[in-house]
Amino acid sequence: MRNDIIIRGITASPGIAVGPAFLFQESRILFKGTLKPISDIDNEVKKFKAAIKKSKKELNDIKSNLVKKLGFTKANFLDVQLLALEDTWIIDETIKKIRKEKKESVQALLEISKDLLTKFKKIDDPYLRERITDIKDVTNRVIKNLTGSMEQKISFPDKKIILVAEDLSPSDTAQLEKEKVLAFLTNLGGKTSHTAIMARALEIPAVVGLREITENIYPGVKIIVDGYAGVIVVNPTEKTLKNYEKKKKHLQGLEQELLGLRDLPATTVDGHSIDLSANIEFTEDIDSAKKHGAHGVGLYRTEFLYLTQEHLPTEESQYKVYKNIVDKLYPETVIFRTLDLGGDKIFKTNYPENNPFLGWRAIRISLKRKGIFKTQLRAILRTSDRKTVRIMFPMISDLNEIKEAKRTLEEVKGELDKEGIKFDKKIETGIMVEIPSAAILADAFAKESDFFSIGSNDLTQYILAVDRTNELVADLYDHLHPAVLRTIKTVIEAAHRNSIWVGICGEIAGDPLAIPVLIGLGVDELSATPMVIPEVKKVIRTLSFKESKEIARKCIAFSTPGEVRAFLRNIINTKLTKIKELILGEFEEF
Ligand code: PEP
Ligand code: MG
């Protein structure tokens, strides 16, 4: 293999790591049979046939449920999997293997399924290639019924590795063993996919959108992952390793230095203060938020509690987790975002959808599943008696959604009151502005809200019509697009006209390059993933409010994101010379 093969992807989480590649292949098909020859062949075949029968029944049940809920055509996608179970080829070949090679049924099915997948991958027909997922799904279902195991988790070797996968779901990422995974690389994904967001929260370097990385490396090959620049180097020479060691040391040194800002305020040189808070997904993130000098939590993504569990969490189990978070942060405030499932955060009860980001997501689910919504609101309200809790509703696109969500909140308050449970009766209630309709009608929505928090991740994908998780269009996804900046300006002005405060909790709030514009546009609060907070604070403390306003004025007058970026890079290069390499992900000696 050649040395120093450089592959560019999309930076998902900063940091530099070096280690051997560990391939997480074929998505979830990782079960291994015992490989021991079996003695009772007839029994093994019987077991296999029973598992097929059970799988068919499960699929038929799921299908008839879906037909009831979604209609016939929407449930048709399951026919392909049902057909695969009728497919005598897969079944016959598996049985043949069991009989001839005395293989355990799990192992035999895995081998047949892998053969079939390899053949399908070579076919140049997009329809057939899409069936790969169906074959994987159906194989997993039969295996689950053969082994009785639940969904497969990634099992790691006993050493530190660079995890390489086609894709990782947010819940896969949430369950990564931080001590073992030095970094991860994926074929798919974008910078603001929830997998990337999780990587930053876990402080694991990551590069995504590497297209065919799983096809182009072999297990064990040494890889340098440069999460600052979004680049990997496969099979590096000693010289390259040394260079990266130097870059790592230098940038880590800068990061360490910035931690010294922890207790200093996020105030510009001419005295304009910004509330700088943290985005968290789990209780453990609070330590990191504190270490990096965050002022409370501006976005708690509560859905991750649901994503890491088999069943919907009860009121009591939610209350325990929420209370712990509120206590740990007291007297700082916590903004609870109610459930934002859907999109790329799929829970078991989610239905397959053609356009999940435009579909049944967030508040749309909560308002249709009032039981789940009310249970969550009860658990949140019960933590609010010391007035350090706020509630925020995600994905608001229609005024009636805020009204209905608030009506539901009032109902829950009434119930708690009757039960004599203490809570903050005047709890502040805000919305996420992340859908263009909410931004356009911000004046009207502000009248129903105590605060706004701009979700730039979704706002960018909906304004630009670019899927935030799709590496094929990642070059078009840019939160510094002037159209996005102008929309942010509209929202901030509408909030201030209506005397409410406005924050930003999308990834733009943690992008040091964007900070001068956001301050200049007059944002009151920025909430970002903990690890970037010191950099953001450094930028704030370096600039004046006056010059930031001028910077913002210039940025929104540009017509392309490229112009905005070039202009802002220049500002960072001249005003933040000491940490510019950290902000821009570059290193002079490279
Ligand atoms: C956003 O959309 O900007 C946001 C903060 O929410 P999420 O990334 O969880 O969709
Ligand atoms: Mg969002």
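**Group meeting: a walk through the model, starting at Arg468**

Okay, let's start with one residue. Leaving aside neighbours up to four places away in sequence, arginine 468 touches Gly190, Lys191, Thr192, Ser193, His194, Ile197, Phe357, Arg361, Asn457, Asp458, Gln461 and Tyr477. Before I go on: this is a predicted model, so please hear everything that way. Where does arginine 468 sit? In the loop between α19 and α20. And is it buried or exposed? Arginine 468 has 2% relative accessibility, and the cut-off for buried is under 20%, so it counts as buried. If you want a sense of distance, take lysine 554: it is 86 residues from arginine 468 in sequence, and the two C-alphas are 26 Å apart in space.

One name on that contact list, Asp458, brings us to the metal. Which residues coordinate the magnesium ion, ligand 2? Glu434 does so through OE and Asp458 through OD, at 2.0 to 2.1 Å. Glutamate 434 is in the loop between β13 (429–433) and α17 (436–440), while aspartate 458 belongs to helix α19 (residues 456–464), so this pair ties together parts that are 24 residues apart in sequence. Glutamate 434 and aspartate 458 are both buried.

Now the domains. The assignment for this protein gives domain 1 as 5–26 + 153–236, domain 2 as 41–147 and domain 3 as 258–584. For domains 1 and 3, the C-alpha centres lie 26 Å apart, and 23 residues of domain 1 are in contact with 24 residues of domain 3.

That leads into the packing. The largest nonpolar core has 136 residues, and the members touching the most others are Phe184, Phe452, Ile488 and Leu526. Helix α20 (residues 482–497) gives the most to this core, seven residues. Why do I say the core lies between two domains? Because domain 1 and domain 3 both give residues to it. There's also a second, separate core of 28 residues, including Ile38, Ile41, Phe48 and Leu109.

Let me zoom in on leucine 526. Again not counting residues up to four places away in sequence, it touches Ile274, Asp275, Leu276, Ser277, Ile504, Ala509, Ile515, Leu518, Val536 and Ile540.

Next, rings. The count comes to seven aromatic pairs, and I'll show you two. Phenylalanine 282 and phenylalanine 304 are edge-to-face, 5.8 Å centre to centre with 70 degrees between the planes. This pair links distant parts of the chain: phenylalanine 282 is in the loop between β9 (275–280) and α11 (285–291), phenylalanine 304 is in helix α12 (residues 303–307), and they are 22 residues apart. Phenylalanine 282 and phenylalanine 304 are both buried.

The other one is tyrosine 300 with tyrosine 322, also edge-to-face, at 5.9 Å between centres and 90 degrees between planes. Here strand β10 (residues 297–301) supplies tyrosine 300 and helix α13 (residues 315–329) supplies tyrosine 322, 22 residues apart. Tyrosine 300 and tyrosine 322 are buried as well. Which residues make up the aromatic cluster here? Tyr300, Tyr322 and Phe336.

Last bit: arginines over rings. Arginine 382 lies over the face of tyrosine 319, 3.9 Å from the ring centre. For arginine 386, the ring is tyrosine 330, and the distance to the ring centre is 4.2 Å.

That's my tour. Questions?

How values were computed: Residues are numbered from 1 along each chain as its sequence is written. Chains are lettered from A and ligands numbered from 1 in the order in which they are written. This is a predicted model: local features need pLDDT of at least 70, side-chain atom pairs count only at pLDDT 80 or more; totals for chains, interfaces and linings use all residues. Side-chain values use heavy atoms; hydrogens and water are left out. A nonpolar core is a set of buried Ala, Val, Leu, Ile, Met, Phe, Trp, Tyr and Cys residues joined through side-chain atoms within 4.5 Å. Buried means under 20% relative accessible area, exposed over 50%, partly exposed in between (1.4 Å probe, protein chains only). Helices (H or I, at least four residues) and strands (E, at least two) are DSSP runs, numbered from the N terminus. Domain bounds come from an automatic or database domain assignment. Contact means heavy atoms within 4.5 Å. Donors are N, O and S atoms within 2.8 Å of the metal (3.2 Å for Na, K and Ca); water is not among the atoms, so sites may look incomplete. Rings of Phe, Tyr and Trp (its six-membered ring) pair if their centres lie within 6.5 Å; planes under 30 degrees apart count as stacked, over 60 as edge-to-face and the rest as tilted. A charge sits over a ring if NZ of Lys or CZ of Arg is within 6 Å of the ring centre and within 35 degrees of the ring normal.
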